[in-house]
Amino acid sequence: MIVNRLINCLIKRRHSTNKLRFYTNSYQKQTDIDQSVNLQATFPSRTHTCGDLRSSHVNQRVVLSGWAQRIRKLSPELIFLPIRDSYGTTQLVYRSPSLADYTNLILQEKLSQLSTESVICVEGVVIQRSQDTINKNMPTGEIEVEIDKLHCLNPANTLPFLPSDKKLSSEEVRSKHRYIDLRRDTLQNNLRKRSLASWIIRDFLVDEGFVEVETPILFKSTPEGAREFIVPTRTKGLFYALTQSPQQYKQLLMVGGIDKYFQIAKCFRDEDLRADRQPEFTQIDLEMSFVKVDDIISLIEKMLVQVWKKVLGIDLTNKVPFQRMTFNEAMRKFGSDKPDTRYGMEIRDISSFISDLSVLSEYYVECLVIKNGITLLSNSEIESLKLLDTSEDSKAKCEFHKIKADKLNSWFFDSHLLKHSSNLYDSFTKELNIEVGDFVIMNKRKKNLTKSWTLLGRIRSQFITLLQLKGILDISPLEHNFLWIESFPLFTHNDDTGQLVKGQNYDLILNGVEIGGGSIRIHSPKLQYIIFNEILKACYLFNEEIKGFEHLINALGHGCPPHGGIAIGFDRLLTIMCETNSIKNVIAFPKTASGNDLTVFSPSEISKEKMKEYGIQLISDKN
């Protein structure tokens, strides 16, 4: 009855943008409705999925349901039709008897009219394929189903693309018809891995004594670094903001005595989008009371061992404990606070070879040797690496040297950085193993770093990318190198020392991608007040913004235990686990680079009446 009422309602909307069939008389309309409803009620329930059947099912009568694939009609009497569902594909076959009766003629007619990707239900008997027709690439390849009944549950119109197409359509087309794109095996497998990983994580954390708590999504505007999504209310001048993270709520839960909290949380940030960013994303969020850094790191490693084993079938036990490195060590060795450690090419400290001690008081001198770089890279590619040097510090010098046979002994003495160290040539070239054909890059940079990359770190990363694009370097996607980065600089003392203050924070890196981060929190209201009012205020916070944190400071003063936690980017984690290059491929309905959902056309305009209700007025760009 609900279906009938809905269809009747839609038919009356003659000016609808949908292309509804217009019925000239009520009898025709009612007949089509009755046929549709009767079909839904009469088709048989499936006995197996399209990935179930094996040789052990031969001679069994079965019912399968799914999507019709490309039909192969060898003759009117012999037709092959693969059927696909979420679990696999099974080959159907129709063989007409020598004397076809009315039922067979009807079945032939149905097959001839069947369009690809129509939703069908078939009945038939499982038969063994002949030895020469077995398809070893299909789990169901030893059998086929000889059908005698076919129910077309929903014929498909011409599709903009087929899920089985080897050459993918443009991203715009696939985004607009995401529901078709989701039928591809790759996306099906990714979403199943996501579901399984989510279940394993929940199961693991509950076993560890955690309580899953859903914190509010409607929060208030706070200066957390990224732009927020603002939600207007019908109360004039009052707005919500969608949470960028559950950070403040989970700290309040620690004050509330929830000793171990977690949730798989939706978060929202109005940022520029990249391959690893979406405006709404999911994170594995947890917090614990009375813990130290080692406790949190040990828990996460134990959890990831379980996820990798049960989702990917990979044992990470021999990688535990994961490698740990300080921020300063990572920047010295790799020039990045999220280094990919699957390949070597470490940056070397050459400060000991600098005779001019005045250079070393404020600066750090480093060297990157690209073995056989002159051969591996074209001149234009070498020039592209040089363009990465955008330093505006006139004292920070970067030098590029091609070690050619006729310059093997002279390049060192041409160097501005090494010009006072000529007596160290032999020891320098021996220690860095510099040979003909190498490309040597030296750089002088400031010692105290707060940025995520150094120049040599960017060059190292870009060089590896060039080698991969040229097919010279192949890094296995099955290699998973986890790394903890600790002791990040928080701020600098405002005195003559300029000493950096480091925090008890830690990031988890996987194959050069930051997949999580956390810290031991401040639980003292006095210390939190000082940081807000004397440090952050001096940097970027205003008085009214600091007042927005009064609830947190008050809570810390009502008996807050020491606590810490971490948030792991679930989408980024799955991107690596699924061996894909974009988090869009592990999200059911992602946004485009411009933040649009082309499937449902969001964001969209709202009516003037609704804008008035919420007190919203558009201002032209000219104003």
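**Reading a predicted model: sheet, helix and cores**

Mentor: Let's start with two strands, S15 (residues 363-370) and S17 (residues 439-446), which run antiparallel and are joined by eight bridges. Keep in mind that this is a predicted model.

Trainee: What holds the strands of a sheet together in general?

Mentor: Strands of a sheet pair through backbone hydrogen bonds, and the pairing can be parallel or antiparallel. Here you can find one facing pair by eye: Tyr-363 stands opposite Lys-446 in S17.

Trainee: In what order do the strands of this open sheet come?

Mentor: The order is S14-S15-S17-S16, four strands with antiparallel pairing. At the edges are S14 (348-349) and S16 (398-402), each of which pairs on one side only. Helix H12 (residues 379-386) packs on the sheet and touches S15, S16 and S17. The direction of H12 makes about 165 degrees with that of S16.

Trainee: Now a helix, please. Which residues of H9 are buried?

Mentor: In H9 (residues 327-334), the buried ones are Phe-327, Ala-330, Met-331 and Phe-334. Looking down the axis of H9, you see these buried residues within an arc of 100 degrees, so they line one face of the helix. Just after H9 comes Gly-335, with a positive phi near 70 degrees.

Trainee: What about a loop residue? Is Phe-210 buried or exposed?

Mentor: Buried means under 20% relative accessible area, and Phe-210 has 5%, so Phe-210 counts as buried. Its place is the loop between helix H6 (185-207) and strand S7 (211-212).

Trainee: Which residues is Phe-210 in contact with, leaving aside its neighbours within four places in sequence?

Mentor: Among them are Leu-205, Tyr-261, Phe-262, Leu-286, Met-288 and Leu-299. You can also check a C-alpha separation: Phe-210 and Gln-263 are 53 residues apart along the chain, yet their C-alpha atoms are separated by 9.4 Å.

Trainee: Which members of the largest nonpolar core touch the most other members?

Mentor: That core has 42 residues, and those touching the most other members are Leu-205, Leu-286, Ile-300, Leu-304, Trp-308, Phe-482 and Leu-573. Several elements each supply at least two residues, including H6, strand S12 (280-289), helix H8 (293-312) and helix H19 (570-577). The largest share, 11 residues, comes from H8.

Trainee: And what does Phe-482 touch, not counting residues up to four places away in sequence?

Mentor: Its partners include Leu-304, Trp-308, Leu-316, Phe-322, Leu-508 and Ile-515. When you have found those, look for a second, separate core of 20 residues, with Ile-83, Leu-92, Val-122 and Ile-143 among them.

Definitions and conventions:
Residues are numbered from 1 along each chain as its sequence is written. This is a predicted model: local features need pLDDT of at least 70, side-chain atom pairs count only at pLDDT 80 or more; totals for chains, interfaces and linings use all residues. Side-chain values use heavy atoms; hydrogens and water are left out. Buried means under 20% relative accessible area, exposed over 50%, partly exposed in between (1.4 Å probe, protein chains only). The arc is that of the directions from the helix axis to the C-beta atoms. Contact means heavy atoms within 4.5 Å. Two strands pair if DSSP finds at least two bridges between them. Axes are lines fitted to C-alpha atoms, for helices over the stretch in contact, and angles run from 0 to 180 degrees between N-to-C directions. A nonpolar core is a set of buried Ala, Val, Leu, Ile, Met, Phe, Trp, Tyr and Cys residues joined through side-chain atoms within 4.5 Å.
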